[in-house]
Amino acid sequence: AEFHLCPTQFGIPNSRPRYYFLARRSAASGIWVDARDALQSGASCETSVPDVEPIEPVQLGTVLQSTEDLAEECNDIGSLAVDSIALKRWAEFGNRYDLCCPEDQVSACLSKGYGTFPRGTGPLLVTQGGAGPQRKQMKDPFRVWSPGTEARYLSPIESSRLMGFASFRWPSELTLQQRLALLGNSLNVRVVARLLSFLLRSDGLSAGQKCK
């Protein structure tokens, strides 16, 4: 089965559209076969998971850390502040950023370069000043930078929450950029969980059965 899905469909305030292909191994032949026969629709690429209703995304603030927890993490990884000179320089060339506020319900896709370059790599959380025009529609999540606006990157913990990961501890030897790069190269866990649930149902398995 083929899917084209985005985390925003599952209540997650992050735009990360991805293509997914599901297959299952036949118990009789041991050959991997397409799981499309379990779909009610004959479409070649589904835009939703069967029996899963779309959910309105929650606010970005739900993944943000408290001031105390953020300060503790920054003691380990360093500053998350975005260079204001770099923001101004790129804005002068007409570039826009994904400047986010806690009440926003959408944010740009995280990429491997997040934390090293402010434009086109992921969301920037506004920490001071105006953020330009109010966020537009879900299809256009960008704001225009205005003088006096300061921003920071999401922390690795906040980014992992946005990607659907449960709480865990990073190896101490990993730098800020390495942690964010790993997240930028990953898939959203909650989206994959929905797909695995569908795949197990379509194969006559329950989530508690062992898969060989």
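A residue is called buried when its relative accessible area is under 20% and exposed when that area is over 50%, with partly exposed covering the range in between. The exercises below concern a predicted model.

**Exercise 1.** Determine which residues of helix α1 are buried and which exposed residues lie on the face turned away from them.

*Solution.* Begin with the helix itself, which spans residues 67-77 and in which L70, E73 and I77 are buried. Seen down the axis of α1, these buried residues fall within an arc of 65°, so they line one face of the helix. This fits a general rule: an α-helix has 3.6 residues a turn, so residues three or four places apart point the same way. Turning to the face directed away from the buried side, one finds the exposed residues T67, E68, E72 and N75. As a last step, the buried residues of α1 pack against β7 (150-153), α3 (156-162) and α4 (176-184).

**Exercise 2.** Work out the strand order of the open sheet that contains β7.

*Solution.* The sheet has three strands in the order β5-β6-β7, and its pairing is mixed. β5 (99-100) and β7 are the edge strands, each of which pairs on one side only. Between β6 (residues 124-128) and β7, which run antiparallel, there are four bridges, and Q128 has E150 in β7 as its bridge partner.

**Exercise 3.** Place F168 and describe its surroundings on the surface.

*Solution.* F168 is found in the loop between α3 and α4. Its relative accessible area is 37%, so F168 counts as partly exposed. Together with F165 and V189, F168 forms a nonpolar surface patch with about 220 Å² of accessible area.

Key: Residues are numbered from 1 along each chain as its sequence is written. This is a predicted model: local features need pLDDT of at least 70, side-chain atom pairs count only at pLDDT 80 or more; totals for chains, interfaces and linings use all residues. Side-chain values use heavy atoms; hydrogens and water are left out. Buried means under 20% relative accessible area, exposed over 50%, partly exposed in between (1.4 Å probe, protein chains only). Helices (H or I, at least four residues) and strands (E, at least two) are DSSP runs, numbered from the N terminus. The arc is that of the directions from the helix axis to the C-beta atoms. Contact means heavy atoms within 4.5 Å. Two strands pair if DSSP finds at least two bridges between them. Patches are made of residues with over 30% relative accessible area and no salt bridge: like charges are joined within 9 Å, nonpolar side chains (Val, Leu, Ile, Met, Phe, Trp, Tyr) within 5 Å. Accessible areas come from the Shrake-Rupley method with a 1.4 Å probe; for residues, only the protein chains shown count as cover. A salt bridge is a side-chain nitrogen of Lys or Arg within 4 Å of a carboxyl oxygen of Asp or Glu.
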